[in-house]
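Happy to walk through this one with you. Have the model open beside the text, and we will take it question by question.

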Amino acid sequence: QVQLVESGGGLVQAGGSLRLSCAASGSILSIKAMGWYRQAPGKQRELVAHITSRSITNYADSVKGRFTISTENARNTVYLQMNSLKPEDTAVYYCNADILGGGSFYSRTYWGQGTQVTVSS
């Protein structure tokens, strides 16, 4: 069974930085893409950043230039480097990945349980 586990969240002051990590484990054949979403209280979950197996990235306009997504393929891990954090970045951040594995015939999207990021003003 495939699982994603996030780490690296915490409390940081505005202007500070955090680096989130998400490691995929289990019966993985290949990872097609990985990404980060976030959900603030009372808000819909939104895409933050996404990276494909070809290292093509995209970002939400609100984080462009401040956040960087990257992968460490050998460890099935995706990172989100978050710089110049703002209070409005406060949310639970969720890792997701499009993975062929877990006994499925087709690739599917898996989600982590989330890690809290709180940015104080």
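Q: In the hairpin of β9 and β10, which residue takes a positive phi near 60°?
A: This is a predicted model, and its hairpin of β9 and β10 has six residues between the strands. The two strands, β9 (91–101) and β10 (residues 108–111), pair in the antiparallel sense over four bridges. The residue with the positive phi near 60° in this hairpin is G102.

Q: Which residue in β10 does I99 stand opposite?
A: Let's place I99 before looking across: I99 lies in strand β9. Strand β9 pairs with β10 in the antiparallel sense. Across from I99, in β10, stands R108.

Q: Is I99 buried or exposed?
A: Buried means under 20% relative accessible area. The relative accessible area of I99 is 0%. I99 is therefore buried.

Q: How far apart in space are I99 and S27, C-alpha to C-alpha?
A: Along the sequence, I99 and S27 are 72 residues apart. In space, their C-alpha to C-alpha distance is 9.7 Å.

Q: What is the order of the strands in the open sheet of four strands?
A: Start from the edges, where β1 (3–7) and β7 (67–72) each pair on one side only. Inside the sheet, β3 (residues 18–25) and β8 (residues 77–82) pair in the antiparallel sense over six bridges, and six bridges also join β7 to β8. Neighbouring strands here are turned by 15° against each other on average, direction ignored. Put together, the order is β1-β3-β8-β7.

Q: Which residues in β8 are the bridge partners of S21 and T71?
A: Strand β8 pairs with β3 and is also joined to β7 by bridges. For T71, the partner in β8 is V78. For S21, the partner in β8 is Y79.

Q: Which residue in the hairpin of β7 and β8 takes a positive phi near 50°?
A: Most residues other than glycine have a negative phi. This hairpin has four residues between its strands, and the residue in question has its positive phi although it is not a glycine. You will find it in the loop between β7 and β8, partly exposed with a relative accessible area of 24%. It is N76.

Q: What is the relative accessible area of S84?
A: S84 is found in the loop between β8 and β9. Like a glycine it is not, yet S84 has a positive phi of about 50°. S84 counts as partly exposed, because its relative accessible area is 41%.

Q: Which residue has its backbone nitrogen 2.8 Å from a polar atom of the side chain of D89?
A: The place of D89 is in the loop between β8 and β9. D89 counts as buried, because its relative accessibility is 0%. The backbone nitrogen lying 2.8 Å from a polar atom of the D89 side chain belongs to K86.

Q: Which strand supplies the largest share of the lining of the largest pocket?
A: This pocket has a volume of about 200 Å³ and is lined by 13 residues, with I31, T52, S53, T71 and N73 nearest its centre. The strands β4 (28–39), β5 (46–52) and β7 each supply at least two residues of the lining. The largest share is four residues, and the strand they come from is β4.

Q: How many residues of the lining of the largest pocket are charged?
A: The lining divides by residue type into four nonpolar and seven polar residues, plus the charged ones. The number of charged residues is two.

Note on methods:
Residues are numbered from 1 along each chain as its sequence is written. This is a predicted model: local features need pLDDT of at least 70, side-chain atom pairs count only at pLDDT 80 or more; totals for chains, interfaces and linings use all residues. Side-chain values use heavy atoms; hydrogens and water are left out. Two strands pair if DSSP finds at least two bridges between them. Axes are lines fitted to C-alpha atoms, for helices over the stretch in contact, and angles run from 0 to 180 degrees between N-to-C directions. On a 1 Å grid over the protein atoms alone, a cavity is a set of points where a 1.4 Å probe fits but cannot get out, and a pocket is an open set with protein on both sides within 12 Å along at least five of seven lines; lining residues have an atom within 4 Å of a point. Grid points are joined across faces, edges and corners, and a volume is the space filled by probe spheres set on the points. Ala, Val, Leu, Ile, Met, Phe, Trp, Tyr, Cys and Pro count as nonpolar, Asp, Glu, Lys and Arg as charged, and the others, Gly among them, as polar. Buried means under 20% relative accessible area, exposed over 50%, partly exposed in between (1.4 Å probe, protein chains only). A polar contact is a pair of N or O atoms within 3.5 Å; within protein, one must be able to donate a hydrogen and the other to accept it, and residues adjacent in sequence count only if both atoms are side-chain atoms.
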